[in-house]
Amino acid sequence: QAQIAESGGGLVQPGGSLRLSCAASGQISALGDMAWYQQGPGRQRVLIARITSDGITNYAESVKGRFTIANDLVKDSTYLQMNNLKAEDTAIYYCMIEAAVEGGNGVNRFWGQGIQVTVSS
């Protein structure tokens, strides 16, 4: 199994910035896509940013131009730089890393436990 650790959330004023980090640990033998999901209060979890192992990125329209996803395949990590934050960005953010682990059964999705981001003045 792989373990996922997230960090970087918190309270920020509208227009501010935050950087979320997510790192996988364990006997990882291969990495695939990495992504960030957003779950606002009373809402379903939605995909907002995704990056392939080749570095190709995709964004939801709601965050395009404000959020940037990156990965570091050496550190088994993904990052989400969030700029010009808005009140509607208030949510729990989950990272997802596709990985194969030694002795495992191929590539699986591993999820972080979620990290709170609150945008408020």
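Biologist: What makes the meeting of E6 with the backbone nitrogen of C95 a polar contact?

Modeller: In this predicted model, the side chain of E6 reaches that nitrogen at 2.7 Å. A polar contact needs a pair of N or O atoms within 3.5 Å, so the E6 and C95 pair at 2.7 Å qualifies. The side chain of E6 also reaches the backbone nitrogen of I115, at 3.3 Å, and that value is within 3.5 Å too.

Biologist: Where does E6 sit, and how do you know that E6 has no salt bridge?

Modeller: E6 is part of strand β1, residues 3-7. The nearest side chain of opposite charge belongs to R45, 7.9 Å away. A salt bridge asks for a nitrogen within 4 Å of a carboxyl oxygen, so at 7.9 Å R45 does not pair with E6. E6 is buried yet has no salt bridge.

Biologist: How many salt bridges does the whole structure have?

Modeller: The search finds five. One of them joins D33 and R50.

Biologist: Why is the pair of D33 and R50 called a salt bridge?

Modeller: The closest N and O atoms of D33 and R50 are 3.0 Å apart. The limit is 4 Å, so the pair counts. The two partners come from distant parts of the chain, with D33 in strand β4 (residues 28-39) and R50 in strand β5 (residues 46-51), 17 residues apart.

Biologist: Are D33 and R50 buried or exposed?

Modeller: D33 has a relative accessible area of 17%, and R50 has 17%. Buried means under 20%, so D33 is buried and R50 is buried.

Biologist: What about E61 and K64: why is E61 called exposed, and K64 partly exposed?

Modeller: Their side chains meet in a salt bridge of 2.8 Å, N to O. E61 has a relative accessible area of 63%, and exposed means over 50%, so E61 is exposed. K64 stands at 45%, which lies between the cut-offs of 20% and 50%, so K64 is partly exposed.

Biologist: What makes R109 and E98 a salt bridge?

Modeller: Their closest N and O atoms are 3.7 Å apart, and that is within 4 Å, so the pair counts. R109 lies in strand β10 (residues 107-111) and E98 in strand β9 (residues 91-101), so parts 11 residues apart in sequence are tied together. R109 is partly exposed at 44%, whereas E98 is buried at 15%. Through shared partners, salt bridges join D33, R50, E98 and R109 into one network.

Biologist: Why is V101 called buried, and V46 partly exposed?

Modeller: V101, in strand β9, has 12% relative accessibility, which is under 20%, so V101 is buried. V46, in strand β5, has 38%, which is between 20% and 50%, so V46 is partly exposed. V101 and S25 are 76 residues apart in sequence and 9.9 Å apart in space, C-alpha to C-alpha. For V46 and Y93 the values are 47 residues and 9.5 Å, again C-alpha to C-alpha.

Biologist: What kinds of residue line the largest pocket?

Modeller: That pocket holds about 200 Å³ of space. Of its 13 lining residues, the closest to the centre are Q38, R43, S62, E88 and D89. The lining divides into three nonpolar, six polar and four charged residues. Arg, Glu and Asp count as charged, so R43, E88 and D89 belong to the charged group.

Technical notes. Residues are numbered from 1 along each chain as its sequence is written. This is a predicted model: local features need pLDDT of at least 70, side-chain atom pairs count only at pLDDT 80 or more; totals for chains, interfaces and linings use all residues. Side-chain values use heavy atoms; hydrogens and water are left out. Helices (H or I, at least four residues) and strands (E, at least two) are DSSP runs, numbered from the N terminus. Buried means under 20% relative accessible area, exposed over 50%, partly exposed in between (1.4 Å probe, protein chains only). On a 1 Å grid over the protein atoms alone, a cavity is a set of points where a 1.4 Å probe fits but cannot get out, and a pocket is an open set with protein on both sides within 12 Å along at least five of seven lines; lining residues have an atom within 4 Å of a point. Grid points are joined across faces, edges and corners, and a volume is the space filled by probe spheres set on the points. Lys and Arg count as positive and Asp and Glu as negative; His and the chain ends are not counted. A polar contact is a pair of N or O atoms within 3.5 Å; within protein, one must be able to donate a hydrogen and the other to accept it, and residues adjacent in sequence count only if both atoms are side-chain atoms.
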